[in-house]
Amino acid sequence: MGILVNIHPSMGAPIVDALRALAPDVQVWAHRDEAPATEVEAMLAWSLKPGVLPAYPQLKLLCAPSAGVDKLLAVPDLPVGLPVARTVDPQQHVEIAQYVVGTALRHTRELDLFARQQQAGDWLRRPVRASADCRVGILGLGEVGRFVAGAMQAVGYPVAGWSRSSKSIAGLATHSGAEGLQQLLSTSDILVCALPLTPETRDLLNRRTLSLLPRDAYFINVGRGEQVVEDELLALLDEGHLAGAALDVLREEPPQPGNKVWGHPKAFVTPHIAAQASADTVARQCLENLRRLRAGEPLLNLVDVTRGY
C-alpha cells in the first residue's frame, strides 16, 4: 500500500523525490500506469477527471498539494466520506502578501510608467500618490486575507475586509453579507480577491459588482479565476472604468493563445505563482496524514466538503 502522485511530472517530480527521501519505507508511484489499483492507499492530485477515483478501491485519503481544493471537490464521482486534506504552508501567506503588496505598489507608484520613461530617455518626475489616500478592500478574511490585510496596512494603506459571515478582527474594518459587499466595493480603490472558490463565490465578480468600484480602481486576484467573469472585467478595463488588473489566477490555466488577457495593456498576468507550497511541505503533510490514517488518529487540514474549504 502506498501513495500515488497523480500530478504532471513537471510539478509532481519534486514531490515524489521528497516523499521517497522522507519515507523510504513507503511505496510511492509517480505515474498512474505504474501503480497497482488495489495498492493505492493515498493520492496526491491538483485536479481529477471523472472515473479516476473509482478505479482505486482501496483509496482512503485524497491530498491536495495546495490550500485550494475546488478542482478536486468538483469531481462528480468523489466518493462520499473520502477524506480530503489540503496543504497548509505558512510561507504561502507571506508569498501571497508579497505579491499583493508588490502589484499594488507597482500600480500606485506608477512603476510601469517610469519603466517606459526610461526606455524613451525621459527624466520626468511625478507627484507620489499617498498610500493613505488609496483605500484597499479585501474579499475573504481567512488566514490569507488577514495576513494580506496586515501587510497592506504595514506599508500605509487603509484596509477593510469582507467575508460571507460577520467577523470581528482587531484593527480591521470588516463587512459581511450582500449589503456589506456593496459597501466594500464602493469604497475600494484597490480590490483584492482572496476568496476560496465555492458555489457562492463563482462569478461573484462580474460587470455589475465590479462596476461598483470607484472609477480608476485596480483589481488584484489571488483567489480563483472562476470567481471573475473575465470578459466583463476586460470590458471594464477597455472602457476605462478600471485602471488595471493583476491576475495570478484565470478561469483557464494556461489561457488559450487567442485569449484577450495575452498582451492586454491594462492586465498584468502571472502563471499562478503568487504562492507555491514547497515539495517538502507537501510531502511531510501527506505522510503525516497517512500515518494518522493508519493509526486511527484525527487527520490534519481536513476540508469541509459541504463548504468547499
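The paragraphs below lead through two sheets, the helices that lie against them, and one contact between helices in a predicted model.

Strands of a sheet pair through backbone hydrogen bonds, either parallel or antiparallel. One sheet in this model is open and consists of 7 strands, which follow one another in the order β8-β7-β6-β9-β10-β11-β12 with parallel pairing. Its edges are formed by β8 (173-176) and β12 (267-269), each of which pairs on one side only, and neighbouring strands are turned against each other by 15° on average, direction ignored. At the β8 end, the partner is β7 (residues 159-163), which pairs with β8 in the parallel sense over 4 bridges; within this pair, S163 stands opposite S176.

Two helices can be followed across this sheet. Helix α6 (residues 177-186) lies across β6 (136-139), β7, β8 and β9 (190-193), and its direction runs at about 130° to that of β8. Helix α8 (residues 230-238) lies across β10 (217-221) and β11 (242-247), running at about 140° to β11.

The other open sheet has 5 strands in the order β2-β1-β3-β4-β5, and here too the pairing is parallel. Because β2 (27-29) and β5 (84-85) stand at the edges with a single partner strand each, one side of each is left without a neighbour in the sheet. The partner of β2 is β1 (residues 2-5), the two pairing in the parallel sense over 3 bridges, with I3 placed opposite V28. Helix α9 (residues 279-295) packs on this sheet, where it touches β1, β3 (40-44), β4 (61-63) and β5, and its direction makes about 150° with that of β3.

Two packed helices are described by the angle between their axes and the distance between the axes. For α3 and helix α5 (residues 143-154), the axes come within 9 Å and cross at roughly 45°, an angle that makes α3 oblique to α5; the crossing is right-handed. On the α3 side the contact is made by H93, V94, I96, A97, V100, V101 and A104, which meet E143, V144, F147, V148, A151 and M152 in α5. By character, the residues of this contact divide into 11 nonpolar, 1 polar and 1 charged.

Helix α3 (residues 90-108) also contains T108. Is T108 buried or exposed? Its relative accessibility is 6%, and since buried means under 20%, T108 counts as buried. Leaving aside its neighbours within four places in sequence, T108 is in contact with R129, C134, Y157 and I190.

How values were computed:
Residues numbered from 1 in each chain as written. Predicted model: local features only at pLDDT ≥ 70, side-chain atom pairs only at ≥ 80, totals over all residues. Heavy atoms only, no water. Pairing = 2+ DSSP bridges. Axes fitted to C-alpha atoms, helices over the stretch in contact; angles between N-to-C directions. Contact = heavy atoms within 4.5 Å. Buried < 20%, exposed > 50% of the residue type's maximum accessible area, 1.4 Å probe, protein only. Parallel < 35°, antiparallel > 145°, perpendicular 65-115°, else oblique. Left-handed = near helix turned anticlockwise from the far one by under 90°. Nonpolar A, V, L, I, M, F, W, Y, C, P; charged D, E, K, R; others polar.
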